[in-house]
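Reader: Hi! I'm new to looking at protein models, and I'd like to zoom in on a single spot in this one. Could you walk me through it?

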Amino acid sequence: MKLKLDDQGHAVLQDGKPVYVKDDGTDVVFDALGTTQTIARLNAEAKSHRERAETAEKSLKGFEGIADPAKALEALQLVANLDAKKLVDAGEIEKVKTEIGKAFQAQLDTANGQAAKLEQQLYAEMIGGSFARSKFAQEKLAIPPDLVQAYFGKAFSIEEGKVVAKDANGNKLYSASNPGELAGFDEALGMLVNQYPGKDHILKGTGASGGGASSSGGGGGKPQGNFGGSKAERVAAIKQMTSNAQ
């Protein structure tokens with residue numbers, strides 16, 4: 001990527017910001033102030049998400065005790081009531097082992113369930129929330145955020161408390177306007193949309209109809225699927241649209 005120059009060798013500016021030419025020939029405007037502000041905001045959001053995750057992890061430590069107090073007390077009472085003679089009875093010993101095992105298995109199941117729930121909540125907040133708040137999706141795409149996430153959501157993951165985007169080959173997407181840094185959510189989403197072969201069907205002002213419906217066969221036919229129905233129907237509609245575009 002290199003700085004774009006005019007015929008006199010001067011840097012080309014757009015709204016007072018320098019314009020660079022990417023390797024594929026497209027222009028990108030470098031907003032130094034905006035980039036700095038975005039980094040500061042993302043760092044603050046990442047810190048907030050990390051603190052929430054740490055708080056949740058600390059709360060799980062409470063399960064290091066007995067998850068089911070009633071069963072645990074029952075097992076302890078059984079042990080307390082056994083005398084030396086009864087301990088010789090293999091049946092009683094096995095019963096104690098079984099009761100204690102059930103108590104700890106219940107504890108483990110509860111902890112695992114809480115951990116999975118927290119992971120789902122973190123994903124919904126960081127990735128689902130990013131799609132819902134995305135200015136790129138709102139301003140550039142002709143389909144609602146939930147359908148955008150239904151198709152492009154698989155490209156995003158959470159690594160070390162940050163949202164990371166990857167291309168179809170599993171390579172992380174890096175910022176064009178801030179070299180060396182991972183692309184922010186909106187920039188990464190723009191890259192993924194640009195790589196999508198059916199992008200003309202979902203970009204505003206490129207022939208998309210209504211809520212993101214595509215025409216069948218590229219011939220201006222009726223939209224495929226129910227884009228005005230339930231979420232499941234709309235997700236099915238965009239999947240049909242994307243399969244037709246390939």
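Which residues does Asn-178 touch, not counting residues up to four places away in sequence?

Author: Sure! Keep in mind that this is a predicted model. Leaving out residues up to four places away in sequence, Asn-178 touches Phe-30, Thr-35 and Ile-39.

Now let's place Asn-178 on the chain. Asn-178 sits in a loop, with strand 6 (162-165) on one side and helix 7 (185-195) on the other. Is Asn-178 buried or exposed? Its relative accessibility is 19%, and the cut-off for buried is under 20%, so Asn-178 counts as buried. Across the protein, buried residues make up 27% of the 246 residues.

Helix 7, at the end of that loop, is worth following a bit further. The largest nonpolar core has 24 residues, and those touching the most other members are Phe-131, Leu-141, Phe-152, Phe-156, Leu-189 and Val-193. Two or more residues come from each of helix 4 (90-133), helix 5 (135-140), helix 6 (145-152) and helix 7. Helix 7 gives the most to this core, with 6 residues. As background, nonpolar side chains tend to be buried together in soluble globular proteins.

Finally, step back to the whole thing. The protein has 8 helices and 6 strands, and from the N terminus on they run β-β-β-β-α-α-α-α-α-α-β-β-α-α. If you take contacts between residues at least 6 apart in sequence, 47% join residues at least 24 apart. As for the outside, the protein exposes about 15400 Å², with carbon and sulfur atoms supplying 52% of it.

Note on methods:
Residues are numbered from 1 along each chain as its sequence is written. This is a predicted model: local features need pLDDT of at least 70, side-chain atom pairs count only at pLDDT 80 or more; totals for chains, interfaces and linings use all residues. Side-chain values use heavy atoms; hydrogens and water are left out. Helices (H or I, at least four residues) and strands (E, at least two) are DSSP runs, numbered from the N terminus. Buried means under 20% relative accessible area, exposed over 50%, partly exposed in between (1.4 Å probe, protein chains only). Contact means heavy atoms within 4.5 Å. Accessible areas come from the Shrake-Rupley method with a 1.4 Å probe; for residues, only the protein chains shown count as cover. A nonpolar core is a set of buried Ala, Val, Leu, Ile, Met, Phe, Trp, Tyr and Cys residues joined through side-chain atoms within 4.5 Å.
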